[in-house]
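Here is a short tutorial dialogue on reading a protein chain and its bound ligand. Please look over the sequence and the structure before following the turns.

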Amino acid sequence: MQTKWWHGKVAYQIYPKSFCDSNGDGIGDLQGIISKLDYLKELGVEIVWLSPIFKTPFVDQGYDIADYEDIDPVFGTMADFDELLAKAKERGIDIILDLVINHCSNEHEWFKKACADLNSEEAKYFYFRKGKNGLPPDNLRSYFGGSVWEPVPGHEGEDLYYLHYFTKEQPDLNWNYAPLRQKLFDMINFWLDKGVAGFRIDAIMNIAKDLDFPGLPADGADGMCSANKMTAKLSDQAATFLTMMNDATFKPHDALSVAEAFGVNQDSLKNYIGDDGFFNTIFDFSARELNEKYPAYYRYRPVSIAKWRDTIFASQERVNDIGFMCPIIENHDEPRGVSYYLPRHAQNADGAKAFGAVNVLLRGLPFIYQGQEIGMTNTRFNSIYEFDDVNAKDNYKSALEGGLTPSQALEVLNVESRDNARTPMLWSSEKNAGFSSAPITWLKVHQDYQTLNVAAQKDDENSVLSFYKQLIALKKNPQYKEILTYGKFKALDPVAEYVVPFARELDGKMIYVIANFEDTEVSYGVNADSKILLSSKEVQLQDGRVTIPAVSCVVIEL
Ligand code: NOJ
């Protein structure tokens with residue numbers, strides 16, 4: 001495997017609207033992030049991914065971009081961004097941005113010009129199609145509900161539609177048109193030339209389209225079929241575009257490219273994350289994907305930590321000889337992992353530490369999502385009006401249509417909603433958790449902020465935050481860096497349902513990471529001279545056996 005500058009590092013995701021508000025408008029911003037750079041440095045992260053900060057009407061919270069080369073005024077200015085980049089660099093932190101190029105916003109100049117003049121150059125940047133037999137061109141269902149086709153604004157009644165896989169305010173870009181691809185590649189290079197270290201790449205497998213728009217057999221009572229089924233069929237076509245993008249942008253800059261690539265054929269992973277892959281790495285969403293086979297969001301099945309372990313271990317084994325994936329336990333599209341995957345008795349600081357050890361020490365480039373490092377759990381929403389997310393609102397509606405009562409539908413959102421993890425970062429026990437001085441914040445503040453916050457944890461050596469610092473320091477410790485970066489992943493015998501045990505192995509050396517989420521202790525055979533590198537509770541090591549207390553973890557060098 002070729003060595004890369006980002007190997008051995010730990011990455012951190014910032015959701016800018018909710019990280020830190022410097023100007024008191026209730027919304028996080030770039031100056032707020034700058035004010036927390038020392039916090040990130042102290043935590044030990046060396047790569048920071050910013051969810052979108054570009055000009056946007058915020059229909060999908062910035063994943064609807066109206067200008068790719070400008071900062072949204074809510075977040076600040078380009079000067080603020082340049083300052084952030086420089087100050088992060090001074091602290092040894094690289095910034096990666098969010099690349100949302102399957103679609104833009106309906107407020108992008110391109111889309112406005114395209115609708116205003118169907119013969120314009122910009123009209124070729126989108127998929128405009130005539131309907132078929134009085135219906136939209138095909139029967140695909142968008143990710144956020146309803147048809148992927150919408151009448152072209154200004155041309156209603158003309159049987160003319162545009163394609164959008166996400167909300168109708170996010171028209172899909174036509175990757176089959178070479179000049180549009182070139183515009184996107186130039187934009188990527190604009191940011192890389194500025195000093196951005198790379199990108200997290202949004203929804204990228206969706207860029208391939210069957211230009212005949214044949215549709216697919218219905219998978220629901222609405223007669224439609226999920227767009228992701230079409231995407232999965234077209235991955236070869238996407239591959240051609242991905243190679244072009246890599247050659248024109250990431251490769252020449254030695255940039256870090258991390259893809260959100262749902263639906264990749266597992267047999268072709270080498271093409272994606274191998275030495276000559278389209279990307280450097282992709283997120284491991286396999287545990288999250290377990291619920292995708294259920295037709296409706298409100299029919300989700302809880303995923304236990306046992307299922308999580310089996311699923312994630314399988315993908316770790318799959319890529320051992322191929323490349324790196326990015327282990328995560330949550331992000332801005334998912335509920336908090338501690339609430340979602342852990343048994344009830346472990347949905348607390350002890351569980352958060354043990355889950356953190358798994359996240360940071362699995363093989364790959366781990367991403368920590370803001371707030372995870374203090375053990376944030378799901379936020380409690382008491383009414384549908386407290387939600388912001390377009391996806392939550394859409395799924396609430398479908399749940400009611402599917403026969404759930406309003407309180408059942410609310411409970412579904414409390415478990416599944418993306419807003420669970422989007423609420424403000426908890427900095428202190430002050431007003432709005434120290435996130436903002438505004439009278440009201442854009443999304444409600446987590447119910448436990450008075451006790452669950454950074455200020456309460458930073459000087460407490462037993463806190464979740466202190467434990468994350470130790471985990472990251474261990475991963476970077478020159479003595480263990482090699483094995484914790486390049487060491488093969490090996491699953492160990494779980495011995496009980498809620499135990500997540502694995503080894504990292506390199507050149508005959510071995511490190512065990514054992515997370516015990518049971519409510520009783522478990523024990524493992526190790527070597528007589530094994531050394532405990534880190535543990536979240538006191539563990540017993542005697543006669544070649546280690547005993548790990550309930551809801552805790554240990555890292556041992558054998
Ligand atoms: C994935 C992003 O993470 C999500 O937040 C967004 O809604 C969709 N892609 C569409 O861009």
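**Reading the chain, the ligand site and one glutamine**

Q: How many helices and strands does the secondary structure of the chain come to?

A: The model shown here is a predicted one, and the secondary structure of its chain comes to 17 helices and 23 strands.

Q: Which domains does the domain assignment give, and what distance separates the centres of domain 2 and domain 3?

A: Domain 1 is assembled from the segments 11-102, 178-379 and 425-464, while domain 2 covers 109-163 and domain 3 covers 486-557. Taken over C-alpha atoms, the centres of domain 2 and domain 3 are 56 Å apart.

Q: How should the radius of gyration of the chain be read against that of a compact globule?

A: The idea is to set the value for the chain beside the one expected from its length: a compact globule of 558 residues would have a radius of gyration near 24 Å, and because the chain has 23 Å, the two agree. Along the principal axes, the C-alpha atoms fill a box of roughly 80 × 50 × 50 Å, and buried residues account for 61% of the 558 residues.

Q: Which residues surround the ligand, and how do they divide by class?

A: The residues surrounding the ligand include Asp-60, Tyr-63, His-103, Phe-144, Phe-166, Arg-200, Asp-202 and Glu-260, with His-332, Asp-333, Arg-418 and Arg-422 also among them. By class, this shell has seven charged, three nonpolar and two polar residues.

Q: Where do polar side-chain atoms of His-103, Arg-200 and Arg-418 lie relative to oxygen atoms of the ligand?

A: Such a reading pairs a polar atom of a side chain with an atom of the ligand. For His-103, a polar side-chain atom lies 3.0 Å from a ligand oxygen; for Arg-200, an N or O atom of the side chain is 2.9 Å from an oxygen atom of the ligand; and for Arg-418, the corresponding distance is 3.0 Å. The protein covers 97% of the 300 Å² of accessible area that the ligand has on its own.

Q: Does Gln-170 count as buried or exposed, and what polar contacts does its side chain make with Asp-60 and Thr-167?

A: Burial is judged by relative accessibility, with under 20% as the cut-off, and Gln-170 counts as buried because its value is 0%. Gln-170 sits in the loop between strand S9 (160-163) and helix H5 (178-194). The side chain of Gln-170 makes a polar contact of 3.0 Å with the side chain of Asp-60, a residue that is itself among those surrounding the ligand, and another of 2.8 Å with the side chain of Thr-167.

Technical notes:
Residues numbered from 1 in each chain as written. Predicted model: local features only at pLDDT ≥ 70, side-chain atom pairs only at ≥ 80, totals over all residues. Heavy atoms only, no water. Near = heavy atom within 4 Å. Polar contact = N/O pair within 3.5 Å; in protein donor to acceptor, adjacent residues only side chain to side chain. Areas by Shrake-Rupley, 256 points an atom, 1.4 Å probe, with all protein chains shown as cover. Nonpolar A, V, L, I, M, F, W, Y, C, P; charged D, E, K, R; others polar. Domains from an automatic or database assignment. Helix = DSSP H or I, 4+ residues; strand = E, 2+ residues; numbered from the N terminus. Rg over C-alpha atoms; globule rule 2.2 N^0.38 Å. Buried < 20%, exposed > 50% of the residue type's maximum accessible area, 1.4 Å probe, protein only.
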